[in-house]
Amino acid sequence: MSKRKVKDTHLPIGECITQVHHILRKRFCHQQLPDAPEGVEAQHRHLMELLKRSAVHGESNSVLIVGPRGAGKTMLLRSVLRELAEETEVQKNLLQVHLNGLLQTDDRVALKEITRQLHLENVVGDRVFGSFAENLAFLLDALRKGDRSSSRPVLFVLDEFDLFAHHKNQTLLYNLFDVSQSAQAPVAVVGLTCRLDVLELLEKRVKSRFSHRQIHLLSTLTFPQYSERVRAQLSLPDDFPDAKFAQQWNAAVTTLCEDKSVRDVLQRHFDSSKDFRSLHMLLMLCLSRVSVAKPTITAADFLDASRSCLADAKANMLHGLSILELCLIIAMKHLNDVYEGEPFNLQMVQNGTAGDRDYKLC
Amino acid sequence: MAGRLEHPGYDEEKLRIVSEQLPCREVQAGALLSLMGQPQQYCYPSLFIYGHRASGKSHVVNTLMKELELPHATVSCVECISAALLFEQVLLAFFGCDAASLLPRSPSLSDFVRIYRQQASQSPAEQTRYIVLEKAELLRDADANLLPALLRLQELVSIFLYSEIVWDKFRPNTGCFEPLLLHFPDYSKGELQQILSKDRHPSYSAEFYSSYVHILLGVFYAVCRDLRELRHLAALNFSKFCEPVAAGKAKETDAHKLWKNIEPHLKKAMQTVYLREVSSLQWEQMEEHDAGALRGLSAHTHVELPYYSKFLLIAAYLASYNPARTDKRFFVKHHGKIKKTNFLKKNEKTSNHLLGPKPFPLDRLLAIFYSVVDSRVAPTASIFSQRDMSVKFVLITCVNICFPLQIPEFKVAVFLFLCRFVLFTSFAL
C-alpha cells in the first residue's frame, strides 16, 4: 500500500528543481561524504584498521596521508571516522582533536586549542608549565579513565601537516610523535598534507619518531572511470521524492555522458586534472544553468561551463584595455626584450611610444 | 534589449528593482544569482570576480546583497591594515558588537574561527551568509595563511572576492582551495553610450545629451574606457557644449556648429585625461575668468628664486644627472683623459634622463655650487638656509634620514625645462 503511494507522488516541476538543486549543491559545494568510497578502497581499509587498533586496543600509531590538492584526503578521513563512530566502544572512548596548520600557526596556540578541544581548561586552570612536554603530559594524564588503569585514546588530526613542520623547533610534532612511540598514552596521529616531500621537512629527531607509514592518494583513474564518476555525481539518489522525475533525470544524464561533444569536454578536463575539486567546479557551473524554464542539463551547458573554467584570464583583461594602454603594453614588451629582463620605468616606455601620440598619463 | 532577472526563491519585485539599477550587466548579475542559488541552499564556498576598474563588480554585488536583503559583510581590504580589523568587521556585521568584543587583543585567525563557529552554532542561520572582500589583492600582502584559510571557511559562509588582478597572481605556492572565477567584461562602446546617457541634464532633451555623449565617446574612446573617468569628462565639458545653445547662437539640432565649438576644447582636455589636475569646481571658475589657455599645475613655469638658490638648483640638477666620475672633467680646469671602460660602453644606451635623478651627497652639491658660481662665495649661513628653503619648496628632496654620523643625500625634483628657464632668465644680464 505504502509502496504504491511513494510511486505516485508527483511534485510540481518547480519543487523538483529546487530539490535537485538542494541535493546536488550539497554534494558539490558542501563536500558531502559519499556513501561508499570510490576508487580508494584499499586506502580506506588501511586507515580503518589502523584507527580501530588505536581506538579499541589502545595501540599508538602515526600515519601521513599524502595526496595532491582535491584528491580526497579529508573526505577519506571523514568517511573512516564516520564508520568508526558507528561502533559503540569507539564512540565511548575515542577523543578527537582537530588541528589545522593554517589556523594554529604557533605551537602555543596549538596547545591552547588542544586544551580547549579536550575540554580541560578547568583542569589546567592557571598552571604554569616549564616546557611543552610537561604540558602535554599533564593533559594526557588528565584523560585517564576513572579506575586510573589506562588513558583514553586520543586521535590527533593535523590538517596541512607541512605547515606544522615550519614551527620553531617543531616542538608540537616532536612531542606528539614522542608520545606515540613511548608507552605513555595511546595516541593516534594522522597528518594530511599535499606535499610529497613532507618527510624532508621534518627534523631528524622528529623523523626518527615517526612510523614512516604513508598512505598515498595518487589517482589512477582511467577515462572511462572518470566519465562514470561524472555520471554518478550528477545522478539523483534513489530516495528522491518524485521517483519518475528522478528516473527521467538520471536517464538524461546517462545520454548526456555519451554525447560526443560532452566527452570531448570531459577528456579535456581529465587531461588537465583528475581530482574531485575541479570536477565539482565544472559540474557546479553546469548546475547553475538548470532552472524551471530549462529543467535538464544540456551539452551546450557543458561547453559553456568548460569555456568559463578554462578561460584565459589575462586575455580577458587585455580585451578591456583602450588603444593607448595597449600601445604602452606593446612598448613594455619590446623594452623587456631589448633589455633582457632588466627593470625599466615609465619614462622609457613613454619614450618608446613618443612617435605615436603625445598624451600625459599619470 | 534588457533581459529580466528571474530566480525562484527571490521576490520578483525586488529582482525588478535590481535589474533597473544594473544596466548592461544583466548577464553577469544573472550568472551570479544562479550561482548563489536560493537563500537556503548551499553556495560554492568561494567566488573570485575579476575585471577592469569601473566594470561594475562592486556595484553589482552590493546591489544584489542590499536589495535582496541577504546577510552579508562587506569589507574593503584597503581599510584592514591588520587582520584583526577584518575579523572585527565580519563579526560585527553578522552577530553584532557583543560578538566583536569577544575577540582578544590581537586575535589570531584561530580565535576568529573559533568565535565564529561558536556564534554560528548559537544563532544558526537558514540562509547562506556572504563575506564580500573588495580589493582582494591586498590580502596577498597580509599573513600568508589568511587567504587560504578564508577560502576554506565553508560552514554556510560564502566568500566573494573581487579584484582587478587575475587569480593566477594570487595562488600560494602549495596551492589552495580554488574559487570559482567570474569575469566581468568591459563595457562596449554601445553600452557606454547607454550608461552615460543616463545622467542627462534636466533642462536639455535626452537626444541632445546622447548626441553629446556620442561625440565625447568618439573622441575619448581610444584613449580611455574607464567609466568613472568618462563620466567626469562628460560632466566637465557639458557646459561648454551647451554654450552656443544657451547663448541662442545655435539650436539643439545644429550638430555641425556644436561640433566646431566643442572640438578644440576636447582636444585640450585630452592632454590631461587621468590627471584631474583641476577639480570640476576649479575648472568652472577658470573658465569664467580666463577664457583661453588651459593651465594645469604642469603649466606653471614662472618661478622666482633668490640669487644663490638659482645656482643651488642648477648645481643640484647637474649633480643629479651627471655621474660622479665626470665631475673632474667638467668642473676642474686641467683634467686628464678619461678612459672609457667596458662598463661605460655597455650602459651607453640608457640615457640618464630616462632613468631619473640620482641621489648625491651634500658636499658634492656644495663643491659643484662653488665651481658654478662666478664670484667667490663664503660658506655662510645664508647659503645653507637657502638650501633648506629649496628642500621645503620641493625643488630638491632629501633622500635619506639624517643620522648624526651620515651626510644627508639629495635629489633634484624638477624637470629640465624649469632649470633651463631659471638658467636663461637669470643669465640674461
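These legends accompany a set of close-up views of a predicted model with chains A and B.

**View 1. Chain B as a whole.**
Let us start with an overview of chain B, which contains 19 helices and eight strands. Of its 429 residues, 45% are buried. Take the contacts in chain B between residues at least 6 apart in sequence: 69% of them join residues at least 24 apart.

**View 2. The open sheet of chain B.**
Here five strands of chain B make up an open sheet with parallel pairing, and their order is β2-β3-β4-β1-β5. The edge positions belong to β2 (72-76) and β5 (180-184) of chain B; each has a single partner strand, so one side of each has no neighbour in the sheet. On average, neighbouring strands of this sheet are turned by 20 degrees against each other, direction ignored. At the β2 edge, β2(B) runs parallel to β3 (residues 129-134) of chain B, and five bridges join the two. To find your way along this pair, look for B:Ser76, which sits opposite B:Glu134 in β3(B).

**View 3. Two helices across the sheet of chain B.**
Two helices are worth following in this view. Helix α2 (residues 26-36) of chain B lies across β1 (46-51), β3, β4 (157-163) and β5 of chain B. Its direction makes an angle of about 160 degrees with β5(B). Helix α3 (residues 57-67) of chain B lies across β1, β2, β3, β4 and β5 of chain B, at about 155 degrees to β4(B).

**View 4. B:Glu6, ahead of the first helix.**
This view turns to the segment before α1 (12-21) of chain B, where B:Glu6 is found. B:Glu6 has a relative accessible area of 67%, over the 50% cut-off, and therefore counts as exposed. Between B:Glu6 and B:Gly56 there are 20 Å in space, C-alpha to C-alpha, and the two are 50 residues apart in sequence.

**View 5. Where chain B meets chain A.**
At this interface, 49 residues of chain B are in contact with 46 residues of chain A. About 4,600 Å² is buried between the two chains, with carbon and sulfur atoms giving 59% of that area. One salt bridge is found across the interface. It links B:Arg152 with A:Glu160, whose closest N and O atoms are 3.7 Å apart. Polar contacts between the chains come to 14 residue pairs, both residues being at pLDDT 80 or more. On the side of chain B that touches chain A, the elements giving two or more residues are α2, β1, α6 (109-122), α7 (146-151), β5 and α16 (352-355) of chain B. The most comes from α6(B), with four residues.

**View 6. An enclosed strand in chain A.**
Now for β1 (residues 61-66) of chain A: six of its six residues are buried, so the strand is largely enclosed by the rest of the structure. In a regular strand, side chains alternate between the two faces of the sheet. Both faces of β1(A) are covered, with A:Asn61, A:Val63 and A:Ile65 buried on one side and A:Ser62, A:Leu64 and A:Val66 buried on the other. Strand β4 (residues 187-193) of chain A pairs with β1(A) in the parallel sense over six bridges, and A:Val190 in β4(A) is the bridge partner of A:Val63. Strand β5 (residues 214-216) of chain A also pairs with β1(A) in the parallel sense, over three bridges; there, A:Gln214 is the bridge partner of A:Leu64.

**View 7. A:Ser306 and its contacts.**
The last view shows A:Ser306 in helix α17 (residues 299-309) of chain A. Its relative accessibility is 7%, under the 20% cut-off, so A:Ser306 counts as buried. Leaving aside residues up to four places away in sequence, A:Ser306 touches A:Val265, A:His269 and A:Leu282.

Methods. Residues are numbered from 1 along each chain as its sequence is written. Chains are lettered from A and ligands numbered from 1 in the order in which they are written. This is a predicted model: local features need pLDDT of at least 70, side-chain atom pairs count only at pLDDT 80 or more; totals for chains, interfaces and linings use all residues. Side-chain values use heavy atoms; hydrogens and water are left out. Buried means under 20% relative accessible area, exposed over 50%, partly exposed in between (1.4 Å probe, protein chains only). Two strands pair if DSSP finds at least two bridges between them. Axes are lines fitted to C-alpha atoms, for helices over the stretch in contact, and angles run from 0 to 180 degrees between N-to-C directions. Contact means heavy atoms within 4.5 Å. Buried area is the accessible area (1.4 Å probe) that two parts lose on being put together, summed over both. A salt bridge is a side-chain nitrogen of Lys or Arg within 4 Å of a carboxyl oxygen of Asp or Glu. A polar contact is a pair of N or O atoms within 3.5 Å; within protein, one must be able to donate a hydrogen and the other to accept it, and residues adjacent in sequence count only if both atoms are side-chain atoms.
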